[in-house]
Amino acid sequence: MNQLVKLLSIVLILLFTTILSAQNTLELKIDSAKTKINKEIYGHFAEHLGNCIYGGIFVKESSKIPNTKGYRNDVVKALKEMAIPMLRWPGGCFADTYHWRDGIGNPSRRPSIINVNWGGVTEDNSFGTHEFLDFCELIGAEPYVSVNVGSGTVQEASEWVEYVTSNVESPMTDLRKKNGREKPWNVKYWGMGNETWGCGGNMRPEYYADLFRQYASYTRAPQMYRIASGASEDNYNWTDVILKNTANMQWMIQGTTLHYYTICHNWDKKGSATQFDENEWYMTMKKTMFMDELIVKHGEVMDKYDPKKNISLVVDEWGNWFDVEPGTNQGFLYQQNTLRDALVAGINLNIFNNHSDRVKIANIAQMVNVLQAIILTKEEQMVLTPTYYVFKLYKVHQDAVSIPLVLNSEEMDFAGGKLKLINASASIKDGYINISICNLNASENEKLSCSFGGTTGKSASGEIITSSNMTDYNDFGKAEKVNIKEFKGFELNKNILKIDMPSKSVIMIRIKL
Ligand code: AHR
């Protein structure tokens with residue numbers, strides 16, 4: 001009998017421990033909040049690639065598509081509503097084939113080039129420096145310009161910076177004025193080449209580090225923020241070599257980049273953007289979560305040379321990369337965008353918020369009609385994708401103070417390994433705590449208990465992005481399936497918030513203090 005009682009109590013203890021450990025809990029360390037989430041973490045990227053610029057942002061003034069000086073009115077409005085803080089241009093791989101002088105002056109006299117990286121199509125250079133920088137002013141975004149290191153010259157880069165930013169009389173500033181712009185533009189962020197380990201010149205890190213030092217020496221502008229062409233994925237040696245050779249000259253380097261795309265399968269077969277099963281859903285989530293490890297490990301390398309974290313890790317290309325939509329140009333990288341993309345955006349942005357001491361800038365690839373786009377266009381029609389709505393939902397985090405958190409999440413096993421089902425970040429600003437949470441569970445609700453220590457919330461409101469099917473997307477000419485809706489599945493009791501999160505959802509809860 002005694003033995004039976006013993007056995008029963010062991011079983012009960014085990015059961016209780018399992019139930020307890022299966023609970024999702026989130027503890028916000030509000031008293032330790034100190035790091036600002038730079039608004040530039042919510043940045044975007046527009047390359048001369050497919051229909052990102054031409055057709056997506058810029059059309060002929062005579063076009064039947066409503067526009068202002070060629071900029072699509074619908075796209076401009078959507079970007080402003082989402083509070084776009086930064087835009088990177090002109091590439092990507094295109095940047096290292098781009099000669100800026102081809103894109104100034106009377107558009108009808110600008111020379112054409114072949115866009116050798118993206119579809120081999122003619123680039124007529126009608127969207128150049130003036131068109132880009134005026135567009136940034138129109139939408140209220142900080143411009144981030146990538147200069148050509150791969151096939152350009154130091155002099156070309158130096159003159160571009162002078163043309164754009166100087167107010168001193170010189171042949172370059174006279175040329176700018178002749179082309180219609182009296183005042184300089186305020187361009188702070190300059191990238192020195194792109195993917196110089198690949199399409200930007202196939203260089204070795206030692207060679208590029210020297211080139212970076214040379215380009216940095218001859219490009220000068222007020223408050224210039226120079227960004228080195230950094231590592232791909234887990235190439236920690238690249239980050240090491242760049243930092244080792246530059247970090248001791250702090251004036252020259254303010255950031256080094258990291259490029260990491262979520263690829264569900266592999267580079268040869270990336271998988272369909274719209275047709276996938278649960279296993280591919282979880283695989284995509286797991287690959288996205290790898291961003292966290294990459295930031296931690298590149299950060300550790302950077303800490304060796306820059307312990308005070310003066311140099312930022314600039315994640316200026318991230319997002320889902322799937323097979324192109326069947327029937328479209330292989331070189332145009334056009335893909336649809338489902339609820340799965342919303343989760344991937346939510347997770348990445350949470351990761352960046354949580355590492356805002358090192359990650360100061362991030363740019364999703366790309367803004368319109370390319371890869372994980374926030375906007376898709378077809379002639380005069382426009383679709384706002386699930387990813388767009390995540391950026392809109394998360395805009396309250398821009399320039400807020402990040403709240404450190406302790407998250408205990410339930411973990412699941414699937415064919416690709418283990419995966420934590422909850423991902424979150426939090427911030428505080430203007431008397432509100434903002435908590436963004438992703439429930440990665442494709443089929444079941446998850447419950448989360450969230451505590452704020454000694455802080456008491458007066459009231460709370462919630463918004464959610466979810467849909468009936470994980471493959472749902474917004475399509476041209478049809479009612480939107482995935483967008484932001486009011487969410488009421490939570491209870492606030494002073495300093496405890498209990499949330500019942502629907503499966504496959506991105507949620508924002510705002511607590512009024
Ligand atoms: O975003 C598409 C391409 O991906 C960019 O041009 C390049 O930098 C990266 O390889």
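What follows is a walk through a predicted model, from its ligand site to its strands and a few unusual backbone spots. Residue numbers start from 1 along each chain as its sequence is written, and side-chain values rest on heavy atoms, with hydrogens and water left out. Since the model is predicted, local features need pLDDT of at least 70 and side-chain atom pairs count only at pLDDT 80 or more, while totals for chains, interfaces and linings use all residues.

The ligand is a good place to start. Its shell consists of Phe45, Glu47, Gly92, Cys93, Trp118, Asn194, Glu195, Tyr261, Glu317, Trp321, Gln366 and Leu371, where a residue is near a molecule if one of its heavy atoms lies within 4 Å of it. Sorted by class, that shell holds six nonpolar, three polar and three charged residues; here Ala, Val, Leu, Ile, Met, Phe, Trp, Tyr, Cys and Pro count as nonpolar, Asp, Glu, Lys and Arg as charged, and the others, Gly among them, as polar. Polar contacts are pairs of N or O atoms within 3.5 Å; within protein, one atom must be able to donate a hydrogen and the other to accept it, and residues adjacent in sequence count only if both atoms are side-chain atoms. By that yardstick, a ligand oxygen sits 2.7 Å from a side-chain N or O atom of Glu317. For Asn194, the distance from a ligand oxygen to a side-chain N or O atom is 3.0 Å, and for Gln366 it is also 3.0 Å. On its own the ligand would expose 280 Å², and the protein buries 94% of that (areas by the Shrake-Rupley method with a 1.4 Å probe; for residues, only the protein chains shown count as cover).

One member of the shell, Gly92, also takes part in a cis peptide bond with Gly91, with omega at about 20 degrees. Gly92 belongs to the loop between β5 and β6; helices (H or I, at least four residues) and strands (E, at least two) are DSSP runs, numbered from the N terminus. A cis bond also links Trp89 to Pro90, this one with omega at about 0 degrees. Pro90 lies in the loop that runs between β5 (86–89) and β6 (113–115).

Strand β5 pairs with β8 in the parallel sense through four bridges, pairing being called when DSSP finds at least two bridges between two strands. Within that pair, Met86 has Glu142 of β8 as its bridge partner. β8 also pairs with β9, again parallel and over four bridges, and there Tyr144 faces Tyr189 of β9. Five of the six residues in β8 (142–147) are buried, buried meaning under 20% relative accessible area, exposed over 50% and partly exposed in between (1.4 Å probe, protein chains only).

Met86 turns up again among the contacts of His44, a residue of strand β2 (43–45). With neighbours within four places in sequence set aside, His44 is in contact (heavy atoms within 4.5 Å) with residues including Ile84, Leu87, Asn363 and Phe391. Its relative accessible area is 0%, so His44 counts as buried. The His44 side chain also reaches the backbone oxygen of Tyr42 at 3.4 Å.

Ser356, in the loop between α9 and β13 (359–365), is buried too, at 2% relative accessible area. Ser356 and Ile41 are 315 residues apart in sequence, yet their C-alpha atoms are 8.3 Å apart. Beyond residues up to four places away, Ser356 touches Thr35, Lys36, Ile37, Ile41 and Ser402. A polar atom of the Ser356 side chain lies 3.0 Å from the backbone oxygen of Asn353.

Elsewhere, six strands make an open antiparallel sheet in the order β16-β20-β21-β27-β23-β24. The edge strands β16 (401–402) and β24 (484–486) each have a single partner, so one side of each is left without a neighbour in the sheet. Inside the sheet, eight bridges join β21 (432–439) to β27 (505–512), and Asn439 is bridged to Ser505 of β27.

Two residues that are not glycine have positive phi. Asn202 has a phi of about 50 degrees and sits in the loop between β9 (189–192) and α6 (205–218), exposed at 63% relative accessible area. Leu333 also has phi near 50 degrees, but this residue, in the loop between β12 (312–320) and α9 (339–354), is buried at 8%.
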